[in-house]
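Colleague: I would like a close look at one part of this model, the open sheet and what packs on it. Please then follow the chain into whatever lies around that part.

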Amino acid sequence: MHIHEYQAKELLHKYGIPVSKGAVALRSEDIENTVDSVKTHLWVIKAQIHAGGRGKAGGVKLTRTRDEAIKAAQEMFGKVLVTHQTGPQGQKVGRVYIESGSNVKKEYYISIAIDRSTSVPVFIVSSEGGMDIEEVAHNSPHKIIKIHIKNGEMFGFHARELGFKLGFRDELLKKFSKIALNLYRFFIELDCDQVEINPLVLTDSDDIIALDAKVGFDENALFRHPDLLDYRDKNEEDPLELLAKEHLLSYVKMEGNIGCMVNGAGLAMATMDIIKYYGASPANFLDVGGGATKERVSEAFKIILSDKNVKAILVNIFGGIMKCDIIAEGIISAVKDVGVKIPLVVRLAGTNFELGRKLLDQSGLKIISAEDLDDAAQKVVATIGK
């Protein structure tokens with residue numbers, strides 16, 4: 001689960017990480033009062049969307065008068081920002097953050113994530129922070145420094161090593177070390193999967209401040225943090241993905257035209273891979289789970305069919321927890337209830353798969369049964385003329 005910058009800064013501040021003072025406008029009519037609440041001589045107006053690249057897309061404006069700040073915020077509110085992370089459709093700005101500006105002497109980059117190859121937290125830092133950090137990583141990878149916290153507990157020497165590598169000394173090293181230690185505590189205690197501060201800045205007054213922040217939480221751990229659910233902005237999430245969660249379905253919308261329904265994440269990945277192998281593209285990742293009911297399968301079909309790009313559906317089910325004949329009966333019933341009009345290819349494997357396939361073939365519905373996954377992929381791709 002991702003949250004907005006102003007929310008991330010609110011949480012970071014509670015963990016002793018210095019942030020700029022600011023306030024958020026949730027409605028366009030609140031903008032003037034919000035600007036007035038930020039006592040400063042330099043206002044920074046920031047669009048609040050769950051995507052990076054806002055600065056280059058016009059989502060961050062620096063203003064020097066109250067009137068300029070109000071005008072910039074009003075122009076930004078409701079604007080559709082298109083960045084490298086939003087996709088071509090962009091994201092509409094429904095919240096604007098007004099923040100006190102800083103006199104920046106130097107920009108740095110710092111983040112924490114889980115290294116999937118070692119399954120331990122890793123600090124990623126650079127002395128070249130700012131909007132062009134992606135270019136730095138691509139063109140000057142030696143400027144990106146990584147330190148793994150291999151024992152799961154961070155100590156002072158870890159923080160000092162990071163600070164030394166960034167060029168901090170003496171009092172600045174102490175300030176940075178405290179920030180790094182608090183940031184790690186924040187990451188662990190709140191079950192984050194990503195924390196990124198870009199830029200972390202050194203000001204003219206030798207303060208170190210988190211000027212921007214991006215935070216993501218592990219959704220599987222949110223049951224330990226029910227208070228964090230208040231930070232969720234459903235307007236920033238795909239409505240089909242939200243609907244899927246309500247029905248205990250794992251769904252991620254993609255850009256292709258073949259809908260996929262499977263029971264198991266690994267099976268879903270294999271299904272998407274083989275669709276790509278035969279020259280087409282999956283429209284989604286959808287896992288109905290090992291104990292899928294008829295009702296859940298029906299909702300899965302409805303969600304897939306809600307995507308107007310879907311031209312055919314491939315159902316790939318392994319009958320382990322549930323037998324294939326029971327699964328087939330559920331598919332038949334769901335297809336009748338939902339009224340699936342586009343080509344539907346079904347591959348069943350596992351317990352009673354022969355009986356399940358027989359039920360599909362004798363259903364009187366336009367369901368194309370497949371011998372195996374390779375056969376299923378070829379058949380579903382053929383139905384859309386690829």
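Modeller: What follows starts at the sheet, goes on to the helices and the core, and ends with the cysteines. The model is predicted.

The open sheet is made of four strands in the order β1-β6-β2-β3, with antiparallel pairing. Its edges are β1 (22-25) and β3 (60-63); each has a single partner strand, so one side of each has no neighbour in the sheet. From one strand to the next, the twist averages 20°. Inside the sheet, strand β2 (residues 43-47) and strand β6 (residues 96-100) run antiparallel and are joined by five bridges. One bridge can be located by residue: Val44 has Glu99 in β6 as its partner.

Two helices pack on this sheet. Helix α1 (residues 5-14) touches β1, β2 and β6, and its direction makes about 50° with that of β6. Helix α3 (residues 66-76) touches β2, β3 and β6, and its direction makes about 5° with that of β2. Both β2 and β6 are thus touched by α1 and by α3.

How much of α1 is buried? Seven of its ten residues are buried, so α1 is largely enclosed by the rest of the structure. The buried residues are Glu5, Tyr6, Gln7, Ala8, Lys9, Leu11 and Leu12. That list includes charged side chains as written, Glu5 and Lys9, alongside Leu11 and Leu12. After α1 comes Gly16, with a positive phi near 80°.

Leu11 and Leu12 also lead from α1 to another part of the chain. Leaving aside neighbours within four places in sequence, Phe186 is in contact with Leu11, Leu12, Tyr15, Cys192, Val195 and Val215. Phe186 belongs to the largest nonpolar core, which has 43 residues; Phe186 is among those with the most contacts inside it, together with Phe123, Phe176, Leu183 and Phe217. Helix α6 (residues 170-189) gives the most to this core, with nine residues. A second, separate core of 30 residues includes Val297, Ala300, Ile304 and Cys324.

Phe123, from the larger core, has Ile147 in β9 as its bridge partner. Strand β8 (residues 120-126) is mostly covered, and seven of its seven residues are buried. On one side of the pairing, β8 is joined by seven bridges to strand β7 (residues 104-115), and the two run antiparallel. Tyr109 has Ser126 in β8 as its bridge partner. β7 and β8 form a hairpin with four residues between them, and Ser119 in the turn has a positive phi of about 60°. Four bridges also join β8 to strand β9 (residues 145-148), again antiparallel.

That leaves the cysteines. The count of disulfides is zero. Cys260 is in no disulfide, and the nearest cysteine sulfur, that of Cys324, is 18 Å away. Cys260 is buried, with a relative accessible area of 3%. Cys324 is likewise in no disulfide, its nearest cysteine sulfur being that of Cys260. Cys324 counts as buried at 0% relative accessibility.

Notes: Residues numbered from 1 in each chain as written. Predicted model: local features only at pLDDT ≥ 70, side-chain atom pairs only at ≥ 80, totals over all residues. Heavy atoms only, no water. Core = buried A, V, L, I, M, F, W, Y, C linked by side-chain atoms within 4.5 Å. Buried < 20%, exposed > 50% of the residue type's maximum accessible area, 1.4 Å probe, protein only. Contact = heavy atoms within 4.5 Å. Pairing = 2+ DSSP bridges. Axes fitted to C-alpha atoms, helices over the stretch in contact; angles between N-to-C directions. Disulfide = S-S within 2.5 Å.
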